[in-house]
Structures are given as structure tokens and as C-alpha cells.
There are 2 protein chains.
Amino acid sequence: MRATVMPTAHEVRIENVPDAALQQPTDAVIRITRACICGSDLWPYNGGPNVENQRMGHEAIGVVEDVGSDVERIKRGQVVIMPFADSDGTCLFCEEGLQTECVHRGFFGNGTGLDGAQAEALRIPLADGTLYPINVGEDDALMPSLLTLSDVMGTGHHAAVTARVRAGGTVAVVGDGAVGICGVVAARRLGAEQIIIMGRHPARIALAKEFGATDVVSERGDEAIARVRELTNGYGVQSVLECVGTEQAMDTSMGIVRPGGAVGRVGVPHYEAIKGAQDMFYRNVIVAGGPAPTRGYIDELLPDVLDGVIEPGRVFDRTVDLDGVPDGYRAMNERQALKVLIRP
Amino acid sequence: MRATVMPTAHEVRIENVPDAALQQPTDAVIRITRACICGSDLWPYNGGPNVENQRMGHEAIGVVEDVGSDVERIKRGQVVIMPFADSDGTCLFCEEGLQTECVHRGFFGNGTGLDGAQAEALRIPLADGTLYPINVGEDDALMPSLLTLSDVMGTGHHAAVTARVRAGGTVAVVGDGAVGICGVVAARRLGAEQIIIMGRHPARIALAKEFGATDVVSERGDEAIARVRELTNGYGVQSVLECVGTEQAMDTSMGIVRPGGAVGRVGVPHYEAIKGAQDMFYRNVIVAGGPAPTRGYIDELLPDVLDGVIEPGRVFDRTVDLDGVPDGYRAMNERQALKVLIRP
């Protein structure tokens, strides 16, 4: 079968690899019907830590082709959402809805042993716990939005939840990538009154505004902090959704969160320490977040996708087949595409 | 009148100072009937940042002697609890119950302009917002426990709340000082099932156990982390109450919090950054806490004190008059006394 491989930084190839196959009795194999490229795929692409010949992709919808002898809940032929991490569905963390801390957690397509979803097919460990069957056809018109429940929309929602977005609250979203825009969707859905999107890409800003952003801050650094404070009577916002992961983004987040507020981090942090431990203390600021338990959030978000209440699939502004994946990486890296959908 | 002054580190004096008097129409003056020495008073005592001739003390109960012309709610003769910070009671933070982030916040006895409570009397700015009248006599037997609502019990409660202690949960309390022991009281009160007290002072450990601690960890550093993990099936605890403020205490806290858990910091942090920003992220750990809004917590905690459900006043193991205050500092600093009550 064919799959996306990153031999080294700045290089993405579609290669012939051994067919995905059951290895454990709890495995399933899915034929990938939709996948996509994530902003976090750009970290290894740009020279961040990666694994030689890393198999790429961690967001997908597929059709179950085969199941192991111990798989009970998942059946052949089902259309399923594949969250970006596997989970057993039974441990204490899964029971609390924090499947990304499952004691058997693995991440797809990050070089840690699980293969990638930017491929024709994929082996899914712990299929009963991991996969989420949905009752729609494999080419349903809602596929783009359903696909976002694999990662990007669930991750934006996690940013909002961990930043304690509340009805009537004030929110800033740091980053106008697809996660940030889904953060706007999530904040609006949770009833935030003021949603400040921080970014400068015109098309992305326009989409964020359609999704409910009330204010735009295009400045950076200290100027951005000053501008957010101007927009919030000098206080800063109650909830900051940190959707980038750089040290500058975190510095900005800490500068715009108001006393008693919370920063929800979902951008993979590329810094070693959270600075300003004393200021954070004296202002009773909360820092939270991490890999989003998107598997657990599907229950809450799926009805709104099916009802058309939210349309996070609109973050996809380009569609490619497998051969188009390398150019999809290039386009996202050069910010020509917001998020690239893959139909293998 | 007489008041406690710290001319410089390691030196505490009782000096004659100008009588406390109204300065603003929103002020009150209280005669101090009970005060005490806080662990945080030992930071400047030991050479931490302080102000020359700093007036000391931020925990008190008193009787209202005088009120300014704009004071409406507080009346002469009332017995009142004085939280360690003043607050206007009307700003957006006060309305949310976060009085320690009041836009007019000041701290008593820390050199920032407000005088100290280890004195015969004290001017209270923003009296209507700050003071909490209680309907007991000034020498009621419950005075020690009532006094803890000024700071130490409310602070232990804040550690528990910000560490998200829940019924049936697992908790570790880092530090066996008076705040830590009140943290045990708070965790027990909120229904925690396992409460690990981390400390090694026999009398304090004994009191913590009486208050509901289920396990004791006397090791330090990596050994302490290993021991807490042993006690929690290898996972760590859901809630860590960080009641010290040193870098080592924070390192320990981050090492014993389980994925998805929270560290509630109430020890004044003596470190610049929170290390391990990536590990914290991948484990979805929350860091929260800060100066406790003890003013707001009185509503919740007072009934349990009046009913004898909690007895946080038992943290006081020595009582002095004003002349005994310097020796009280020495005794607390040498860990001969857990917490010193002052009857001016």
C-alpha cells in the first residue's frame, strides 16, 4: 500500500510500504477515506525532533476492513473517526474522559511505533477503545467537519475547556491556524461574549470572524498585549487559548490573561519552562491544557456537527490525493493553505 | 500604640508608633484582639526581600473602634475577621469571589503601604469590603479557629480548591507547616479519600493525621516522589497542595501529580519559572493557585468552624502577648512552634 513518509526534515514522500495488517487480537485495520495534514506535522518538517523515515498523519476517518479476534464493539464495514491517539477505553484515565492520558496511550504518525494516517490504510491498536463509529456514509457531505473531530476541532475545544471559557466570558485565541480557528468555534459554542482572534492572515481572520470572533489583534509581542488590554478595559481576558506552542505565543498568553484567568495550551510547547512563576502566582493565573482527549469530546461535539450548528470542516481550504500530499505540506508551511484535506 | 516592626532581617522589635487613625472616609480602625505569625513572615525574617522597618502581621480578629464617614456596613463595636488583603467588595474580581485580585487590593504588613496586624490597633482601608463581622464575643473559645479564617485556613482551602480536590479523590500536601495542615483539613472537608501529608516533624504529622491525613511521606526529593507513586499505584495524586513555595517543593509537586491532575500553589513562590513545561503539557497537568481570597471563603468555612466540624485553630501551639512576638518569630523559625497566636 502507499503511505506518507518523512525521510528527513523538509522532505515528504509517498512510498510503497507493507500493507497495514492485524498484529494483536485487539487491533483493527481501517481503509483511510479522509485524512489531513496538521500544523504539528510541520514541526518535524521544519527540522524539529523527528524520527528517520517517520510515517506521517494522525487524523482520519476510515472504513473498518478487518478486526482482531478480541475486538467486540467495532465491526467490519463501519465508518469510524480515528482520534490522533489510541486508548484502551477502560483505564482510570479513559473512564474520566482523558483518553490522551490512557495508560496504553500511543500517538499515531509521530514516530513512536504507531503508523500514520496519511496513507491508504492503517492498523489501529485497541480498536474498541480508540475508534468512534458514526452512522453516515463514507462520502457524506459532512465529512470535512466530521474529520475535524479526530483532532483539530477537539483540540480547539480542549483549549477552550482548559481555559475555562464560560458563557458571557472574554476570550483571546493566540494563533490563526486551523486549531486557533476551531478554538474560536469552541469558544463561541460555549457562549463566550468577546472572542479576540490574534493573527494577521486575511483569509483566516475572515473565517474566524464568520465563526464568531468579535475582535482582531494583528500586532505581535508587547504591542499585541497592549492592544488586548485596550479591548478589555485594561484587565486582559478570562480565557486564553494558546494554539501555537512557541515561547513568544506563551509570553503573549501570560501577558493578556487577566487575574484569576486561565491559559489553555494546546500548541505543542517548544519551550522548556513557563516564565513568570511569581507574577502568575500573584495574579492567580491558571495554566492548563495538553494533548486533547478528542476521543472523549466526540460525544459532545458530534451532535452539533451533524446538526450543522458548527462547521469546523471549513478550515479545509485545499483537497489533495496521496500524490498531492508533499505539495500540501509545502502549501501549509508557506501559509498558502490553512489546512489540507487528503482523499487517499 | 505598640506594634511589631522588622527593622531588618533577623530582627523583630515591638516599638511605639503613631496610633492607628482614620485617613480615608472608607477606613475603619480596629483594636486587635487576636493576631498571629505567618510562615510567610519568616521570608523577610530570613533575609528575603523586605522593607526597612516593615510593619508586620496580616492576620487578625479585632473590634471596630472607629469608622469613616463613608463606611456603611461595618459598625463600631463589631467583632470582625480581617483578611490578609483589603478589597473594595464591588469590583469585578470581588464580585467573582476573588478578593485578592481586587483592583484596589493591598496586603497588610508586607511593606506595601498597609500597616501590620501584630499591633494594638490597625487602620483598615475599604472597611466595608474588607472586614467580615462575626456574631461572637471577642474572647469566644472559638477565637483560634476563627482567626485562621483570616489567612491560614482560607489559604489551605484555596490550595485544595485550585488543586481541584474532589470527593473520593487522591491528594498530597507538600509541607507540614500550618498552611499544609490546614490543607489537610480542607481536603478532608471536601471529601478526599487519600490524603498524603509530606513532612517529617512528629507533632505536626500527628496533628495532620488527626485532621484526616491517611498517609505520611517523610522522604524528600526523588525519594519522596517515588514513595508517593508507590502509595498511588504508580500514578501520582489527582491534587497536590503546594504549601511551601521553594523550588524543591514545586519540583516535588510536579513529580507527584498524576496526568490530568492539578497543583494548587499557595506557598509564596521563591523561584522564577515553572520547569518541565513540556512534561506538564504531555501529562495535561494544571498549575493554579495564588494569594487566597480568604475574604470570599469565610461564607463557606465559617459555619463549619462555628459548628465545630473543623478545628483549624489547633494549629496554634503557642500564645504570646506583644512582648513575646520576637521570641515567637524565633520559635517558629526554629520549628519549635507550629504557629504562634498573639493576644496584644
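A residue counts as exposed here if 12 or fewer other C-beta atoms lie within 10 Å of its own, and as buried if 20 or more do. Keep that in mind for the views below, which all come from a predicted model.

**Figure 1. A:Asn233 sits in a loop of chain A with an unusual sign of phi.** Let's start with a single residue. A:Asn233 belongs to the loop that links helix H8 (221–231) and strand S14 (237–242) of chain A. Is this residue buried or exposed? A:Asn233 has 10 C-beta neighbours inside 10 Å, so it counts as exposed. Its phi is positive, near 55°, even though A:Asn233 isn't a glycine. For background, most residues other than glycine have a negative phi.

**Figure 2. A:Arg335 and B:Arg335 each have a positive phi.** In chain A, look in the loop between helix H12 (325–333) and strand S19 (340–342), and you'll find A:Arg335. Its phi is about 60°, and A:Arg335 is not a glycine either. With 12 C-beta neighbours inside 10 Å, A:Arg335 counts as exposed. Over in chain B, B:Arg335 follows H12(B) and has a positive phi near 60°.

**Figure 3. Helix H12 of chain B has buried residues on the same side.** Which residues of helix H12 (residues 325–333) of chain B are buried? They are B:Val325, B:Gly328, B:Tyr329 and B:Met332. These residues cover an arc of only 100° around the axis, which puts them on the same side of H12(B). And what do they pack against? Their partners in chain B are strand S1 (2–8), strand S2 (11–16), helix H1 (42–45), strand S18 (318–320) and strand S19 (340–342).

**Figure 4. Three strands of chain B form an open sheet.** Read across the sheet and the order is S2-S1-S4, with antiparallel pairing. S2 and strand S4 (54–55) of chain B are at the edges with a single partner strand each, so one side of each has no neighbour in the sheet. Zoom in on S1(B) and S2(B), and you'll find five bridges joining this antiparallel pair. Here B:Arg2 has B:Asn16 in S2(B) as its bridge partner.

**Figure 5. Two domains of chain A touch each other.** The domain assignment splits chain A into domain 1 (2–151 + 293–342) and domain 2 (155–289). Their centres, taken over C-alpha atoms, are 26 Å apart. At the contact, 16 residues of domain 1 of chain A meet 13 residues of domain 2 of chain A. On the domain 1 side, helix H11 (residues 294–306) of chain A gives the largest share, four residues. That side is made up of seven nonpolar, four polar and five charged residues.

**Figure 6. Chains A and B meet, with 26 residues taken from each chain.** On the chain A side, strand S15 (257–265), strand S16 (273–275), helix H10 (277–282) and strand S17 (286–289) each supply at least two residues. The chain A side divides into 14 nonpolar, six polar and six charged residues. Strands take part across the two chains too: three bridges join S16(A) to strand S16 (residues 273–275) of chain B, and the two run antiparallel. In this pair, A:Lys275 stands opposite B:Ala273.

**Figure 7. A turn of 180° lays chain A on chain B.** The fit has an RMSD of 0.0 Å, with a shift of 0.0 Å along the axis. The two copies are thus related as by a two-fold rotation axis. Both copies use the same surface for the contact, as 100% of the contact residues of chain A recur in chain B.

Notes: Residues numbered from 1 in each chain as written. Chains lettered and ligands numbered in written order. Predicted model: local features only at pLDDT ≥ 70, side-chain atom pairs only at ≥ 80, totals over all residues. Least-squares fit on C-alpha atoms with pLDDT ≥ 70 in both. Contact = placed C-beta atoms within 7 Å. Domains from an automatic or database assignment. Nonpolar A, V, L, I, M, F, W, Y, C, P; charged D, E, K, R; others polar. Arc of directions from axis to C-beta. Pairing = 2+ DSSP bridges.
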